[in-house]
Amino acid sequence: MSNTEAVVMPRHQPTEYTLGTVTLPGTHRAVAVGRHWAEALLEAGGRKGNDDALLVLDELAANAVTHTRSGTTGGRFVVALVEAEEGGVRIEVTDEGADTVPAPRHDDMDALSGRGLQIVAALAADWGVRAAGKGRLVWALLRPDTADPAVA
């Protein structure tokens with residue numbers, strides 16, 4: 001994806017169900033809070049083997065805090081978990097917007113950062129971005145066949 005294009009995602013489908021939504025302050029500490037919230041929510045719903053989903057959530061939330069207005073003083077981001085078709089889960093992070101569009105970077109292998117969306121693309125069945133009010137929503141779909149082997 002280039003810095004000027006966005007992948008369009010259909011709105012929730014009739015067979016989808018929002019498991020939960022949480023609004024968090026735009027701080028790096030809140031990324032961990034979001035991960036723990038999601039872990040508890042997924043486990044309460046009987047889902048096992050959530051490591052991939054939690055890593056994807058970490059990367060999307062960290063990007064919101066690091067690269068968007070969500071990370072400025074008073075900024076916030078929203079995490080939603082949606083039960084998708086065929087037992088999948090879609091992780092959605094809505095931020096307060098930025099001047100760029102999220103895209104995987106292909107930095108030097110020695111770089112200390114810049115691989116978050118590469119990780120998301122590797123773990124998710126699909127991912128994308130769409131406008132959400134003044135911000136944007138970045139989503140990643142994990143299907144049971146793309147989730148951890150421990151799910152079985």
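Four salt bridges turn up in this structure, which is a predicted model. Three of them are worth a walk-through, with their N to O separations listed here.

| Salt bridge | Closest N to O |
|---|---|
| Asp58 and Arg35 | 2.8 Å |
| Arg69 and Asp99 | 3.8 Å |
| Asp95 and Arg136 | 2.9 Å |

Let's start with the helices. Asp58 and Arg35 pair up through their side chains, and the link spans distant parts of the chain: Asp58 sits in helix α2 (residues 51-67), Arg35 in helix α1 (residues 28-44), with their positions 23 residues apart. How accessible are the two partners? Asp58 has 17% relative accessibility, so it counts as buried. Arg35 comes out at 24%, and therefore counts as partly exposed. The cut-off for buried is under 20% relative accessible area.

Next, the loops. The salt bridge between Arg69 and Asp99 joins the loop between α2 and β2 (76-83), home of Arg69, to the loop between β3 (89-95) and α3 (116-123), where Asp99 lies; that is why the pair ties together parts 30 residues apart in sequence. Arg69 is partly exposed, with a relative accessible area of 38%, while Asp99 is exposed at 78% relative accessibility.

The remaining pair in the table belongs to strands. Asp95 and Arg136 meet through their side chains. Asp95 is part of strand β3 and Arg136 part of strand β5 (residues 135-142), so this salt bridge connects parts that are 41 residues apart in sequence. Are these two residues buried or exposed? Both Asp95 and Arg136 are buried.

That brings us to the sheet itself. What order do its strands follow? The sheet is open, has five strands and reads β1-β2-β3-β5-β4, with antiparallel pairing. The edges are taken by β1 (17-25) and β4 (126-132); each has a single partner strand, so one side of each is left without a neighbour in the sheet. On average, neighbouring strands are turned by 15° against each other, if you ignore direction.

At the β4 end, the partner strand is β5: the two run antiparallel and are joined by seven bridges. As for individual residues, Asp126 has Leu141 in β5 as its bridge partner. Helix α1 packs on this sheet, where it touches β1, β2 and β3, and its direction makes about 160° with that of β1.

Put together, α1 carries Arg35 of the link to α2 and also packs on the sheet, while β3 and β5 share the salt bridge between Asp95 and Arg136.

Conventions
Residues are numbered from 1 along each chain as its sequence is written. This is a predicted model: local features need pLDDT of at least 70, side-chain atom pairs count only at pLDDT 80 or more; totals for chains, interfaces and linings use all residues. Side-chain values use heavy atoms; hydrogens and water are left out. Helices (H or I, at least four residues) and strands (E, at least two) are DSSP runs, numbered from the N terminus. Buried means under 20% relative accessible area, exposed over 50%, partly exposed in between (1.4 Å probe, protein chains only). Two strands pair if DSSP finds at least two bridges between them. Axes are lines fitted to C-alpha atoms, for helices over the stretch in contact, and angles run from 0 to 180 degrees between N-to-C directions. Contact means heavy atoms within 4.5 Å.
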